[in-house]
Amino acid sequence: MAATVIHCAQDFALEGRKEPLAWLDGLLAQTEISTEDLWEIANLIPQSSVTLVEHAVRIYADIESRLRKDISSHGRANAIPYLAGALNNLALSLSAMGRREEALHQAQEAVEIYRELAAARHIPYTAHVAPT
């Protein structure tokens, strides 16, 4: 269902129709939506979508917040790589909105986390750090 809502939002918003954006907002406002479901929705939004970039920022910010809570409250260290990914994707979305300063801050934090992960478990995260 999320894929259909996102496609409708992107296609019809270009024609000035706001209903599909409201549907997407309604989908995101569900209190029982899981972090995994948010990831799935975020991954359905094309990186080049000008129409949905604000939604992408809100989704990745929500994912970041949830992951930070899981890490600090529940000690879920296995969520740290996902936090780095969320920060990276948030940075890309912020940059697409022209919010370069905020994007830079998020990207720098993601790189710092990837470097720490690479130092601790060299092989899996080196590709994320190498280009920096």
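Let's start with Arg58 and Asp25, which form a salt bridge whose closest N and O atoms are 2.7 Å apart. This pair links distant parts of the chain, with Arg58 sitting in helix 4 and Asp25 in helix 2, 33 residues apart. Please keep in mind as we go that this is a predicted model. How exposed are the two partners? Arg58 is partly exposed, at a relative accessible area of 43%, and Asp25 is partly exposed too, at 34%.

While we're at Arg58, let me bring in another arginine, Arg99. The C-alpha atoms of Arg99 and Arg58 are 13 Å apart, and the two residues are separated by 41 residues along the chain. Where does Arg99 sit? You'll find Arg99 in the loop between helix 5, residues 80-96, and helix 6, residues 100-120. With a relative accessibility of 31%, Arg99 counts as partly exposed. If we leave out residues up to four places away in sequence, Arg99 touches Val57 and Leu94.

Back to the salt bridges. How many are there in the structure? The count comes to seven. As a reminder of the general idea, side chains of opposite charge can pair when their charged atoms come close. Another of the seven joins Arg17 to Glu19, where the closest N and O atoms are 3.1 Å apart. Arg17 is partly exposed at 41%, and Glu19 is partly exposed at 37%.

Then there is Glu64 with Arg68. Their side chains meet in a salt bridge at 2.9 Å, N to O. These two residues are four apart in helix 4, which means that about one helical turn separates them. Is Glu64 buried or exposed? Glu64 has a relative accessible area of 13%, so it is buried. Arg68, on the other hand, is partly exposed at 29%. And there is a third member to mention: salt bridges with shared partners join Glu64, Arg68 and Glu109 into one network.

Let's stay in helix 4, because I'd like to show you Asp70, which lies in that helix, residues 53-74. Asp70 has a relative accessibility of 17%, and since the cut-off for buried is under 20%, it counts as buried. What does the side chain of Asp70 contact? It makes a polar contact with the side chain of Arg76, at 2.8 Å. Not counting residues up to four places away in sequence, Asp70 touches Gly75 as well as Arg76.

Now for the aromatics. The structure holds one aromatic pair. Trp39 and Tyr60 are the partners, and their arrangement is edge-to-face, with 6.0 Å centre to centre and 70° between the planes. Trp39 belongs to helix 3 and Tyr60 to helix 4, so the pair ties together parts that are 21 residues apart in sequence. Both Trp39 and Tyr60 are buried.

Next, a look at helix 1, residues 2-13. Here is a little check you can do at home: at 1.5 Å a residue, its 12 residues should span 16 Å, and the end C-alpha atoms are indeed 16 Å apart, so the two agree. Which residues of helix 1 are buried? They are Ala2, Val5, Ile6, Cys8, Ala9 and Ala13. If you look down the axis of helix 1, these buried residues fall within an arc of 165°, so they line one face of the helix. And what do they pack against? The buried residues of helix 1 pack against helix 2, residues 19-28, and helix 3, residues 35-44.

Let me finish by zooming out to the whole chain. The protein chain has seven helices and zero strands, and reading along the sequence gives the pattern α-α-α-α-α-α-α. Along its principal axes, the C-alpha trace spans about 50 × 30 × 25 Å. What share of the 132 residues is buried? Buried residues make up 39% of them. As for contacts with a separation of 6 or more, 53% of these come from residues 24 or more positions apart.

So, to pull one thread back out for discussion: the bridge between Arg58 in helix 4 and Asp25 in helix 2 links distant parts of the chain, and the aromatic pair ties Trp39 in helix 3 to Tyr60 in helix 4. Thanks, everyone!

Key:
Residues numbered from 1 in each chain as written. Predicted model: local features only at pLDDT ≥ 70, side-chain atom pairs only at ≥ 80, totals over all residues. Heavy atoms only, no water. Expected span 1.5 Å × (residues − 1). Buried < 20%, exposed > 50% of the residue type's maximum accessible area, 1.4 Å probe, protein only. Arc of directions from axis to C-beta. Contact = heavy atoms within 4.5 Å. Polar contact = N/O pair within 3.5 Å; in protein donor to acceptor, adjacent residues only side chain to side chain. Phe/Tyr/Trp six-rings, centres within 6.5 Å; stacked < 30°, edge-to-face > 60°. Salt bridge = Lys/Arg side-chain N within 4 Å of Asp/Glu carboxyl O.
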